[in-house]
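Subject: Handing over the structure

Dear colleague,

I am passing on to you the structure below, together with the notes I made on it. Please keep it open while you read, since the notes refer to particular places in the chain.

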Amino acid sequence: MYLRILMSVGITLFSSLAFTASHSVCSPNKAITVTVNDDNGQPTYQVRFKDQLIIDNSKLGFDFLRHPAMRNNLTSSQVHTVSHHAQWQQPWGETRLITDHHNELTLSFVDKDTDATAYKLHVKVFNDGLGFRYELNKPHALNITRELTEFAFANGDKSTAWWIPARGWNRYEYTYNTTALHDAMHVHTPFTLKNAAGVHISIHEAALIDYAAMTLNQRRPGTFIADLTPWSDGIAVKTNGTFNTPWRTIQIGEHATDLLNSHLILNLNEPNKLGDVSWVKPGKYLGIWWGMHIGTHTWSSGEKHGATTKNTKEYLNFAAQYGFDGVLVEGWNTGWDGDWFFNGDVFNFVESYPDFDIDAISQHSKKVGAQLIGHHETSGNVSNYRTQMKDAFTLYQQAGVSQVKTGYVADGGNIKRIDERGHARFEWHDGQFMVNEYLDNVILAAKYKLSINTHEPIKDTGLRRTYPNWLSREGARGQEFNAWGTPPNPPEHTTLLPYTRMLAGPMDFTPGIFDMSFNGLGDNTNRPQTTLAKQLALYVVLYSPIQMAADLPENYLAKPDAFQFIQDVPTDWEQSIALAGEVGDYIVFARQERQRGKYAGKDWYLGAITDEHPRVTKIKLDFLDKHTEYEAHIYQDGEKAEWKNNPYDIHISKKRVKATDSLTLKFASSGGTAIRFKAL
């Protein structure tokens, strides 16, 4: 349920036909100012942060397939400014209570000759950034060929950017580049940069519904245009003429951690539309998953088949014994034999292999108290999946399943759909068709009280607020690349994710690998390029309401003292605070256990990680309750730890601390520290 603590009061500060060419709106703290102009008939906007120009004059508007463009001969009218201050509650999340405090400017752009309204522009400015969106209301269908939105970075030649390429074969699953801004040509969002004055900026979008995803394409040096991912026929967006675009978002902060502490994306999404979502449960799970990646098991049937009744029962027993909520099982349904990457036509989502008895597993699940977590891999054939989706969800509902991991493995631009004429068409994962397809899957799942964890997804744009059963998703290079990635994820990868991909929302990274040597140690093998302590810290640093203990059960039993942290750490939080960090270098996160019902979550957890460089940082514990004493359970790199040849050296200790204390964290190369602050 969403709780409005403070009621919003909408105040029209100015409403009339405007005769000036410039209109401004500031953030509540006056640090950010957005100015919209219509000089020379071309609408543009500009952004300042503490009197520093961040975004120079940047164009607004659209081009259409058969209708006149909305780019020139326009003037602004009917200008409104409204203030809003409220608080709302997440049913689950990294922070329970979120404050929505913004000032909003709304203005219409009309044709100078006809007075016909082209579009309305809504601009909301928060203390942590801003969002703007277009609203159109036309009596006829409009096919958008280009959105003209620009982001012209002031002094872009002196900025550093962190990015992954857009519209490539591997969707979002790339390692991040660190370059001069001018070297980032065509990129996905969130797109993060730091300008010459040290201001951190991230461009993304919020509430992406029935529209194409926005990528950013650098044309003139320092100026990026909104490059919408097209349909297979080349049209960017197909509309009936009445629509809102997603919010184009700009997060701004003096420090890198300001981006991490922002709730801008969530605040720009609509409240929960599902009603009572008490059935949506965060938690931790195991998986018959990692064994397939390292060759212990196979997805396909045969002697090494992983998804068997026997294996699943054993995993369920382990999960129940050690406090995990469930077990993800991949490869249980027919269609995995052969080259399953291209098997999308033959997957059957209700027919299991003979050695997987879903009824027996369901009964065993109820007996031991750990549930089966479902899995649907489409291999990119979404039409085949859609025809079976209701039956597949019915089967899972009957089996007591409450969470489903979906997969859309296919090269970018190779999602297969069958059109109304029976012809195969091939779409992008982030085009308008798939934006709708992913959301339809989530909405249908809610009718069966199923939560969804999407892999090979559309990027997150905060829709978990509106549809809280959309628990998590992938959308970046995850742990599996450490098994076979060649090269695997580098040490800096997880120190980049929070400042880039995870500004969009939760990620199912699947941390917790305890055996780093399945291919041998050193730096020339596919393996996690981290220490053991860093794997623990990832449970706090990389937020997701569902976290996998990704390794094989026997590897946890071999290191029971370290395994204790995974058993203890929650996945649902009262509040989260990024304490320190720099993009791609290191990060320190503190999170307080969620308060639920009569149980007041008093324990805090800290996760801190570094890149390939050893480092030392001192952290004040002033986030702790000042009236409480804590026992700190500290898991940190040992004196001789280093990721290449000695990743297992971990020092585990306990000490009493309080809010007035500080701790010195020492990191090995690609190391980390995980701490539980247990309230006494």
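What follows goes from the whole chain to single elements and residues.

Please bear in mind throughout that this is a predicted model, and that the values below were computed from its atoms.

I begin with the chain as a whole. The protein chain contains 12 helices and 38 strands, and its C-alpha atoms fill a box of roughly 75 × 65 × 50 Å along the principal axes. A compact globule of 680 residues would have a radius of gyration near 26 Å, and the 25 Å of the protein chain agrees with this. Of the 680 residues, 63% are buried. If one takes the contacts in the protein chain with a separation of 6 or more, 71% of them are between residues 24 or more positions apart. The accessible surface of the protein chain is about 25300 Å², and carbon and sulfur atoms account for 48% of that surface. As for charge, there are 66 positive and 75 negative side chains, with the centres of the two sets 4 Å apart.

Two helices are worth pointing out. Helix α10, which covers residues 532–541, is largely enclosed by the rest of the structure, because 10 of its 10 residues are buried; among them are Lys534, Gln535 and Tyr539, along with Leu532 and Val541. Helix α6, which covers residues 382–398, holds glutamine 388. With a relative accessibility of 14%, which is under the 20% limit, glutamine 388 counts as buried. The side chain of glutamine 388 makes a polar contact of 3.1 Å with the side chain of asparagine 384, and, once neighbours within four places in sequence are set aside, glutamine 388 is in contact with Phe347, Asn348, Phe349 and Val350.

Next come two loop residues in the earlier part of the chain. Proline 28 lies in the loop between β1 (22–26) and β2 (32–37), and although proline 28 and histidine 102 are 74 residues apart in sequence, their C-alpha atoms are 6.1 Å apart in space. Leaving out neighbours within four places, the contacts of proline 28 are with His101, His102 and Asn103, and with Val125, Phe126 and Asn127. Threonine 149 is found in the loop between β10 (142–147) and β11 (150–153), and at 0% relative accessibility threonine 149 counts as buried. The side chain of threonine 149 makes a polar contact of 2.6 Å with the side chain of tyrosine 134, and another polar contact, also of 2.6 Å, joins the side chains of threonine 149 and glutamate 147. Beyond its neighbours within four places in sequence, threonine 149 is in contact with several residues, including Lys59, Gly61, Phe132, Phe224 and Arg248.

In the later part of the chain, isoleucine 652 belongs to strand β36 (residues 650–657) and, at 35% relative accessibility, counts as partly exposed. Isoleucine 652 touches Asp561, Ala562, Ile634 and Tyr635, if residues up to four places away in sequence are not counted. The C-alpha atoms of isoleucine 652 and isoleucine 675 are separated by 9.6 Å, with the two positions 23 residues apart along the chain counted as their distance in sequence.

Finally, there are some points of backbone geometry that you may wish to look at yourself. Most peptide bonds are trans, and most residues other than glycine have a negative phi. A cis peptide bond, with omega about 0°, joins threonine 189 and proline 190, and proline 190 lies in the loop between β14 (186–187) and β15 (191–194). A cis peptide bond also joins threonine 486 and proline 487, again with omega about 0°, and proline 487 is in the loop between α8 (481–484) and α9 (493–496). Threonine 486, found in that loop between α8 and α9, has a positive phi near 40° although threonine 486 is not a glycine, and at 60% relative accessibility threonine 486 counts as exposed. Lysine 449, likewise not a glycine, has a positive phi of about 55°, and lysine 449 lies in the loop between α7 (432–447) and β28 (451–455).

With best regards

Conventions
Residues numbered from 1 in each chain as written. Predicted model: local features only at pLDDT ≥ 70, side-chain atom pairs only at ≥ 80, totals over all residues. Heavy atoms only, no water. Helix = DSSP H or I, 4+ residues; strand = E, 2+ residues; numbered from the N terminus. Buried < 20%, exposed > 50% of the residue type's maximum accessible area, 1.4 Å probe, protein only. Polar contact = N/O pair within 3.5 Å; in protein donor to acceptor, adjacent residues only side chain to side chain. Contact = heavy atoms within 4.5 Å. Rg over C-alpha atoms; globule rule 2.2 N^0.38 Å. Areas by Shrake-Rupley, 256 points an atom, 1.4 Å probe, with all protein chains shown as cover. Lys, Arg positive; Asp, Glu negative; His and termini not counted. Charge placed at Lys NZ, Arg CZ, Asp CG, Glu CD.
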